[in-house]
Amino acid sequence: MAKKNNTKRAKRGAGSFRKYDNGLYEYRITYRDEFDKPHRKSFCGESQALCIAKAKEFLYKQEMRCFGIDLDITIPQIMKQKYESDLEKNFIGPQGYSRNMATLRIIERHFIGQIPIIELKQSQIDAFLRSITNYSRSVIEKLYSALKQSFEIACESQLITNNLMKSSYLRCPRSNQRPKKVRALTKAEQEKFLEALKEHKIPDGRNGYKLQLLIELYSGMRMGEINALTDDCIDFEQGVIHVRRTISRGAEYEDYIKNGTKTYAGTRDIPINKFLKPVLEEALKQKKRNPWRLGFYDYNKNAFISTSQVNCFYRRLCQKANIHFDGQHALRHTFAARCIEAGIPPVVLKTWLGHTSIKITLDTYTDVFHEYSSEAMSLFKSKMTGIY
């Protein structure tokens, strides 16, 4: 900036002006923030009137902040405050907070994430909704929900009077992606997988994930739940596994043991069948001392075993067995498929899998249930023979 030239004090309490050699004016004021602390701030412009206008706009916004209203607040800022409050009040856990913040980063990268919510227009929100159709259905629903909640919060705080998200024009968009459905292994694929698992030799000093994959196949447990198992979770006397914890991803993307499962229904007891029992016995036999008394632990890194570690191993096994890779979660689906084939009632399967509702179980395994509809009809006919 050019050298300062003249200094002229404005009316008492209104601040002071300075004029520079390049013709610009600087207007400096003193104000108090929402915590009643004094600050000084300068505004530059081509005229004194422009400087005063900028100062008045700033002071008005500052006054609103003192009443708890931030006129410059954006959608990501509103939702971050909400998610932090939800985390502190235990409405969500660290893993949920981390997922929510990942959703907000998508909004932050778009121009609507930089504009104060009071200045947003319907056309700008519509442009954002058009831009997210390449994401998955679940991500789009989370983004749309964040937009709706932010406008509801802005209305409740009297920041805005018109909730644009109530417009029937701003509907939740549909994804361009085809729904990804994890497929269970066929019986033939399961045999090939078990053979590849049996033949695989674990190099010295490397982690082995064979037992975790077998537990998932024979129990339907989620991998995070398996990696959080301790001795007291396995009750051979009662013949059940007590599922009470899981390895989860925290707010800072670190793994930790969560006291509780993915959902409230995930806290459950799973029966130990004849295929599962020897696998659990072998896991307890191979267990070494570790700080968390876990049955499975990364002794090389002195850290928890993550689901992604097991998933990478499962990918290599699928390549070796020449079967389709869908992620190790396919083994959980395979367990469910074998249960349905064995005639296990859906309501029982729901409990074993830790689903929150029977609808999730039925919707997830619709194809498997459909395959056995003809057998069910044959069974119905045989039971009804002679009645009519």
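Me: What separates E341 and R338 by about one helical turn?

Reply: In this predicted model, E341 and R338 are three residues apart in helix 11, and therefore about one helical turn lies between them.

Me: What makes the contact between E341 and R338 a salt bridge?

Reply: The side chains of E341 and R338 meet at 2.9 Å, N to O, and since a salt bridge calls for a Lys or Arg side-chain nitrogen within 4 Å of an Asp or Glu carboxyl oxygen, the pair qualifies. Salt bridges that share partners also join K187, R338 and E341 into one network.

Me: Why is E341 called partly exposed?

Reply: The relative accessibility of E341 is 24%, and because partly exposed covers the range between the buried limit of under 20% and the exposed limit of over 50%, E341 is placed in that class.

Me: How do you know that K82 forms a salt bridge with D86?

Reply: The closest N and O atoms of K82 and D86 are 2.6 Å apart, which is to be set against the requirement of within 4 Å. These two residues are four residues apart in helix 2 (residues 75-88), so they are separated by about one helical turn.

Me: Are K82 and D86 buried or partly exposed, and why?

Reply: K82 counts as partly exposed because its relative accessibility is 24%, whereas D86, with a relative accessible area of 13%, is buried, the limit for buried being under 20%.

Me: What makes R222 and E225 count as buried?

Reply: The relative accessibility is 13% for R222 and 1% for E225, and because buried means under 20%, each value leads to that label. The two residues form a salt bridge with each other, their closest N and O atoms being 3.0 Å apart.

Me: Why is helix 7 described as largely enclosed by the rest of the structure?

Reply: Nine of the 10 residues of helix 7 (residues 210-219) are buried, and so the helix is largely enclosed. Among the buried residues are L211, E216 and Y218, and the buried residues of helix 7 pack against several elements, including helix 6 (187-199), strand 9 (268-271) and helix 10 (307-321). Helix 7 is followed by G220, whose phi is positive, near 75°.

Me: What makes L362 eligible for a nonpolar patch on the surface?

Reply: L362, which lies in helix 13 (residues 358-364), counts as partly exposed because its relative accessibility is 37%, and a patch residue needs over 30% relative accessible area. The patch is formed by V347, I358 and L362, with about 230 Å² of accessible area together.

Conventions. Residues are numbered from 1 along each chain as its sequence is written. This is a predicted model: local features need pLDDT of at least 70, side-chain atom pairs count only at pLDDT 80 or more; totals for chains, interfaces and linings use all residues. Side-chain values use heavy atoms; hydrogens and water are left out. Buried means under 20% relative accessible area, exposed over 50%, partly exposed in between (1.4 Å probe, protein chains only). Contact means heavy atoms within 4.5 Å. Patches are made of residues with over 30% relative accessible area and no salt bridge: like charges are joined within 9 Å, nonpolar side chains (Val, Leu, Ile, Met, Phe, Trp, Tyr) within 5 Å. Accessible areas come from the Shrake-Rupley method with a 1.4 Å probe; for residues, only the protein chains shown count as cover.
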